[in-house]
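Open the model in your viewer and keep the sequence panel beside it. This tour says what to select at each stop and what is there.

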Amino acid sequence: GRYTDCREQSERALALATELDNLPMKFSAKFMLASALYGTGEIKRAIDMQLELRDTFRGPLEAARLGAAVIPASVVRSYLSWFMMEVGLYEEGLAHAEKALKIATRQGDPYSELLARVALGRNLLKLRRDDDAAYCLQVAINLIDQYGYDPALPHVVGLLASALARTGEAAKAVWAVEAWLARGLQDRTGR
């Protein structure tokens, strides 16, 4: 949550990575810088930076890991979708989230898939495609349960509850939130 500090550090890291011409370092620095820009409300610049990264991770680099915990080509598109939603670019953002999901599932990477499903589910909610959102987010919950990605759970449960309530399944939405609270995992989620 310290976006100004993150921005300064990421700008220094990007300058160094560019000087060294090191793609893994460039990816990390640009990705963090875009996130910091997003956090300080510079959404257009954040989107532009993610678009640059998207263009980098095409073709043969679409499956590259570069030592990252996620597949860069997928996570960049997930965050790009997220950022675009903030400025009302829902249809364009949806296409990026769908591509992120395809990359993640093709590569068999559950964490990249989770991030893509969160972006996709949120985007589907914005587009009022509530049944599709509920299905997508339920799969995300299953991934969280299977792989222990508990920090994402409160956010995803909230999105799922919104989708379920909009599809006439408010009781199931309440149950989903109560089930999460009953598990007592709140302390594992961080800030």
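The stops below go from the whole chain to its cores and then to single residues.

**Stop 1: the whole chain**

Show the chain as a cartoon. This is a predicted model. Count nine helices and zero strands. Reading from the N terminus, the order of elements is α-α-α-α-α-α-α-α-α. The radius of gyration is 17 Å, and the globule rule gives 16 Å for 191 residues, so the chain is as compact as a globular protein of that length.

Switch to the C-alpha trace. Its extents along the principal axes are about 55 × 35 × 30 Å. Now turn to contacts with a sequence separation of 6 or more. Of these, 57% join residues 24 or more positions apart.

**Stop 2: surface and charge**

Draw the accessible surface. The chain exposes about 9700 Å². Carbon and sulfur atoms supply 52% of that area. Colour by burial next: 45% of the 191 residues are buried.

Then mark the charged side chains. There are 24 positive and 24 negative charges. Their mean positions lie 2 Å apart.

**Stop 3: the largest nonpolar core**

In soluble globular proteins, nonpolar side chains tend to be buried together. Select Leu114, Leu120, Leu137 and Val156. These have the most contacts inside the largest nonpolar core, a set of 44 residues.

Which helices feed this core with at least two residues each? Highlight these ranges:

- α2 (23–39) and α3 (43–56)
- α4 (72–85) and α5 (90–107)
- α6 (110–126) and α7 (130–147)
- α8 (153–166) and α9 (170–183)

Zoom in on Val156. Leaving aside residues up to four places away in sequence, Val156 touches Val118, Leu137, Ala140, Ile141 and Ile144. Leu137 is thus on both lists: it is a partner of Val156 and one of the residues with the most contacts in the core.

A second core is separate from this one and has eleven residues. Pick out Leu53, Ile71, Val76 and Leu115, which are among them.

**Stop 4: Asn123, a polar side chain inside**

Select Asn123 in helix α6. Is this residue buried or exposed? Its relative accessible area is 0%, so Asn123 counts as buried. Display its surroundings. Beyond four places in sequence, Asn123 touches Ser81, Met85, Tyr90, Gly93 and Leu94.

**Stop 5: Leu14 on the first helix**

Move to helix α1 (residues 3–20), where Leu14 sits. Leu14 has a relative accessibility of 15% and therefore counts as buried. What does Leu14 touch, not counting residues up to four places away in sequence? The partners are Lys26, Ala29, Lys30 and Leu33.

Measure back along the chain to Arg2. The two residues are twelve apart in sequence, with their C-alpha atoms separated by 18 Å.

**Stop 6: Leu51 and Tyr38**

Find Leu51 in helix α3. Past its neighbours up to four places away, Leu51 touches Leu80 and Met84. Now draw a C-alpha to C-alpha line from Leu51 to Ser162. The line covers 29 Å, for a pair 111 residues apart in sequence.

Go on to Tyr38 in helix α2. At 24% relative accessible area, Tyr38 is partly exposed, because buried means under 20%. Outside four places in sequence, Tyr38 is in contact with Ile43, Ala46, Trp82, Phe83 and Glu86. For another long line, join Tyr38 to Ala176. They are 138 residues apart along the chain, and their C-alpha atoms are separated by 30 Å.

**Stop 7: two loop residues with positive phi**

Finish with backbone torsions. Select Leu66 in the loop between α3 and α4. Leu66 is not a glycine, yet its phi is positive, about 60°. Its relative accessible area is 28%, so Leu66 is partly exposed.

Then jump to Arg128, in the loop between α6 and α7. What is the phi of Arg128? The value is near 65°, positive in a residue other than glycine. With 55% relative accessibility, Arg128 counts as exposed.

Terms used. Residues numbered from 1 in each chain as written. Predicted model: local features only at pLDDT ≥ 70, side-chain atom pairs only at ≥ 80, totals over all residues. Heavy atoms only, no water. Core = buried A, V, L, I, M, F, W, Y, C linked by side-chain atoms within 4.5 Å. Buried < 20%, exposed > 50% of the residue type's maximum accessible area, 1.4 Å probe, protein only. Helix = DSSP H or I, 4+ residues; strand = E, 2+ residues; numbered from the N terminus. Contact = heavy atoms within 4.5 Å. Rg over C-alpha atoms; globule rule 2.2 N^0.38 Å. Areas by Shrake-Rupley, 256 points an atom, 1.4 Å probe, with all protein chains shown as cover. Lys, Arg positive; Asp, Glu negative; His and termini not counted. Charge placed at Lys NZ, Arg CZ, Asp CG, Glu CD.
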